[in-house]
Amino acid sequence: MSIMSNVKRALAIAAASATLFSMAACGSSNAAGSKSDSSSAASSGKIEVVASINQWGSVAKDLGGSNVEVTNIMTKTNVEAHDYEPTSQDVAKFGTAKVAVVNGADYDPWATKAAQSTKATLVTAAETAGIREGDNPHVWFSAKVRSNTADAITAAYQKADPSHKDDYAKFNKDWHAKEDQLESKIKDTSSKTENLPYAATESVAWYLADDLKMTDATPKGYAQASANESEPTPADIKDFQDTLKVGSIKMLVFNSQEANSTTDQITGAAKDANVPIVELTEQMPKQYTNLLDWMSALVDQFAAAVK
């Protein structure tokens with residue numbers, strides 16, 4: 001993520017704050033419409049849920065079934081949450097929700113800001129595992145965070161709709177059974193990937209690689225530039241290319257959602273050195289409607305890339 005992303009993120013937070021203030025101060029037509037939508041949801045007997053990103057929205061849907069109505073704010077891979085600029089309609093959706101699910105760790109601060117200003121029960125995925133601002137925010141790749149977040153969402157549903165408490169407990173049990181299957185696949189795959197040195201154009205899938213017991217061998221200068229949200233120097237890029245050439249890196253993880261001239265140089269060097277490339281995106285691709293299915297497919301990709 002570049003320095004420009006930080007500017008966009010600050011503007012997004014400011015926009016969300018301004019919209020919330022406007023709605024509270026003057027009772028805009030958007031706010032009125034939101035009340036009508038809320039009344040409609042209430043009459044249906046469903047819990048109105050808003051998720052900042054679709055991967056957590058899919059979990060929220062699985063855990064609520066027909067008892068919930070889930071709205072996802074971000075659903076496409078052509079923009080990441082860091083850069084997302086919410087509309088007034090996006091912010092208004094949080095105002096009518098009973099449960100809000102955000103990622104946290106400063107990944108979607110615009111959503112956190114919007115949700116905190118409402119009466120919705122807020123579930124922050126990163127916080128369920130003690131992950132804070134400054135830590136790697138791509139927490140949906142973590143088995144621990146997925147599991148903890150699912151339990152937090154279930155607790156929020158049972159609080160909002162105690163008459164269906166048993167339903168939510170069953171949905172939770174069913175979800176965990178699928179997560180357990182995924183974790184079994186991860187464990188089996190780790191027998192191939194344990195201690196395997198890999199590098200990444202961006203640390204998007206770090207938690208998944210860690211669950212697979214892989215070793216992050218991304219050259220230090222490039223990794224620090226990426227972590228600091230700055231551009232790598234020409235020397236950092238050359239070091240990365242040279243490290244790929246000598247064969248000490250056995251796999252390259254490439255976030256195609258952040259492709260640019262720098263990543264072109266890195267992936268080109270990997271191809272020249274016959275280093276397998278695992279290509280993925282930061283947001284859940286449209287062919288998946290379920291976070292666990294997406295994660296399972298990614299584990300298969302990692303397994304297939306092992307020489």
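**Close-up views of a predicted model**

**View 1. The pairing of strand 5 with strand 6 in the predicted model.** Strand 5, which covers residues 197-200, pairs with strand 6 in the parallel sense over two bridges. On the strand 6 side, Thr-215 is the bridge partner of Pro-197. These strands belong to an open sheet of four strands, whose order is 6-5-7-8 and whose pairing is parallel. Strand 6 (215-216) and strand 8 (277-280) stand at the edges of the sheet, and because each has a single partner strand, one side of each is left without a neighbour in the sheet.

**View 2. Helices 11 and 12 against the sheet.** Helix 11, formed by residues 261-272, packs on the sheet and touches both strand 7 (251-255) and strand 8, with a direction that makes about 150° with that of strand 7. Helix 12, formed by residues 291-305, lies across strand 7 and strand 8, and runs at about 165° to strand 8.

**View 3. The packing of helix 10 with helix 11.** Helix 10 (residues 234-246) packs with helix 11 at an angle of about 15°, and the two axes are 8 Å apart; the two helices are therefore roughly parallel to each other. The crossing in which helix 10 passes helix 11 is right-handed. Helix 10 contributes Ile-237, Phe-240, Gln-241 and Leu-244 to the contact, while helix 11 contributes Thr-262, Gln-265, Ile-266, Ala-269 and Ala-270. By class, the residues of this contact between helix 10 and helix 11 comprise six nonpolar, three polar and no charged.

**View 4. The packing of helix 7 with helix 12.** Helix 7 (residues 165-193) and helix 12 pack with their axes 10 Å apart and at an angle of about 10°, which makes helix 7 roughly parallel to helix 12. From helix 7, the residues Trp-175, Lys-178, Glu-179, Leu-182, Lys-185, Ile-186 and Thr-189 meet Leu-292, Met-295, Ser-296, Val-299, Asp-300 and Ala-303 of helix 12. The contact of helix 7 with helix 12 has seven nonpolar and two polar residues, together with four charged residues.

**View 5. The surroundings of Ser-147 in helix 6.** Ser-147 is found in helix 6, which spans residues 143-160. With a relative accessible area of 17%, Ser-147 falls under the 20% cut-off and so is buried. When its neighbours within four places in sequence are left aside, Ser-147 is in contact with Trp-175 and His-176. Trp-175 is also one of the helix 7 residues that meet helix 12.

**View 6. Two loop residues with positive phi, Ala-105 and Asn-274.** Most residues other than glycine have a negative phi. The phi of Ala-105, however, is near 60°, a positive value, and Ala-105 is found in the loop between strand 3 (99-102) and helix 5 (109-116). For Asn-274, phi is likewise near 60°, and Asn-274 lies in the loop that runs between helix 11 and strand 8. Ala-105 counts as buried at 12% relative accessibility, whereas Asn-274, at 56%, counts as exposed.

**View 7. Thr-87 in the loop before helix 4.** Thr-87 is found in the loop between strand 2 (68-74) and helix 4 (88-96), and at 36% relative accessibility Thr-87 counts as partly exposed. Although Thr-87 and Ile-73 are 14 residues apart along the chain, their C-alpha atoms are separated by 9.8 Å.

Notes: Residues numbered from 1 in each chain as written. Predicted model: local features only at pLDDT ≥ 70, side-chain atom pairs only at ≥ 80, totals over all residues. Heavy atoms only, no water. Pairing = 2+ DSSP bridges. Contact = heavy atoms within 4.5 Å. Axes fitted to C-alpha atoms, helices over the stretch in contact; angles between N-to-C directions. Parallel < 35°, antiparallel > 145°, perpendicular 65-115°, else oblique. Left-handed = near helix turned anticlockwise from the far one by under 90°. Nonpolar A, V, L, I, M, F, W, Y, C, P; charged D, E, K, R; others polar. Buried < 20%, exposed > 50% of the residue type's maximum accessible area, 1.4 Å probe, protein only.
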